[in-house]
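Hi there,

Here is the structure I promised to pass on. Have a look first, and my notes follow below.

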Amino acid sequence: MKNKNTFSLFIFVIIFGIGAALAYSVYDAADPVKAGVIAGISFVVALIISSAIRIASPWDKAVVLRLGKFHSLKGPGLFLIVPIVDTIPYWIDTRVITTSFKAEKTLTKDTVPVDVDAVLFWRVLDPQKAALEVADYISAISWASQTALRDVIGKTMLSDMLEGRDKISNILQKIIDERTEPWGINVNSVELKDVLIPASLENAMSMQAQAERERQARVILGDSERQVAEKFGEAALTYANNPVALHLRAMNMLYEGLKENSTIVIVPSSAVETMQLGSMAALTALTMGIGQEKINKENATVVKPGQ
């Protein structure tokens, strides 16, 4: 209200200054009463006019009572009231206001104590109701929000509260808006800031989540094994109907095994017969040939060009 008081004081000084100047101009040493009367009248007039002037900010609404009864809403800007007869008990802020509220150690539906912090965004739509229907609308909406939060927590499972914050926020907004509508207040939104649970329960939930992830990993591994077995079954059917393909595949596997990191390979006699490698002499020759090829590659790597 600093700007309002400053402007009223400015008007008071101007009017009283004009009256004092007029009193000084008519001052007579033989008759000083006339100048005193003029100065007194200017003082009273300045006081009345400055008391009648009010200025409301763009977001303010002034509730004017005349002889104890509601008269009107004034503002924003400059307006006048009747001194002594009119009073302004409330200046209502019509901007969006934020109010923090919480519920501590409140039991959920599954009997888990939680601490919940939330923020309420609201504004006054009807300043007359906000001034006349409730004694302190700011405190009233804070208490209404807190009780609504406790009611919602008591009807909600902990898992639903942790996963569905938006849903709980919408429920809270609806409940609080219904309670505050008779006061001329509209709730824009409610947001849950934080949900705190006991430390012991946090550890248990962490272990549960870890076990769930391990279970999913085992399920994925088992599904992968099933898919591999299905593919092997399809491959077996293909080889069963095509002996030439099986023969070529067996020889390729043997060749790759000897080529990479093996010099001695134990091969079942049935596999040797299937691949038609002949006697052990032929198999030995194949092994020695692959070994000689590896030695030649190593020597080529060691000997640098130009040497």
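In what order do the three strands of the open sheet with strands 2, 3 and 5 lie? The order is 3-2-5, and the pairing is antiparallel. Here two strands pair if DSSP finds at least two bridges between them, while helices (H or I, at least four residues) and strands (E, at least two) are DSSP runs, numbered from the N terminus.

Before going further, a word on the source: this is a predicted model, in which local features need pLDDT of at least 70, side-chain atom pairs count only at pLDDT 80 or more, and totals for chains, interfaces and linings use all residues. Residues are numbered from 1 along each chain as its sequence is written, and side-chain values use heavy atoms, with hydrogens and water left out.

On confidence, pLDDT is the predictor's confidence in each residue, from 0 to 100. The protein chain averages a pLDDT of 80, with 78% of the residues scoring at least 70. Among its elements, strand 2 has the highest mean pLDDT (92) and helix 9 (residues 269–275) the lowest (54).

Back to the sheet 3-2-5. Strand 3 (69–74) and strand 5 (86–93) are at its edges with a single partner strand each, so one side of each has no neighbour in the sheet. From one strand to the next, the twist averages 25 degrees; angles run from 0 to 180 degrees between N-to-C directions, and axes are lines fitted to C-alpha atoms, for helices over the stretch in contact. Strand 2 (residues 60–66) runs antiparallel to strand 5, and six bridges join the two. Leucine 65 is opposite threonine 87 of strand 5.

Two loops deserve a look. In the loop between strand 3 and strand 4 (77–80) you will find proline 76, and the peptide bond leading to proline 76 from glycine 75 is cis, with omega near 0 degrees. The loop between strand 4 and strand 5 holds isoleucine 84, whose phi is positive, near 70 degrees, in a residue other than glycine. For background, most peptide bonds are trans, and most residues other than glycine have a negative phi.

Another open sheet has three strands in the order 6-7-8, again with antiparallel pairing. Its edge strands, strand 6 (97–107) and strand 8 (185–196), each pair on one side only. Nine bridges link strand 6 with strand 7 (residues 113–124), and leucine 107 has proline 113 of strand 7 as its bridge partner.

Two helices lie across strands 6, 7 and 8: helix 4, at about 35 degrees to strand 6, and helix 6, at about 140 degrees to strand 8. Helix 4 (residues 137–154) and helix 6 (residues 165–180) also pack on each other at an angle of about 135 degrees, with their axes 9 Å apart. That makes helix 4 oblique to helix 6 (angles under 35 degrees count as roughly parallel, over 145 as roughly antiparallel, 65 to 115 as roughly perpendicular and the rest as oblique). Their contact (heavy atoms within 4.5 Å) includes Ile141, Ala144 and Leu149 of helix 4 and Ile168, Leu172 and Arg179 of helix 6.

Best wishes
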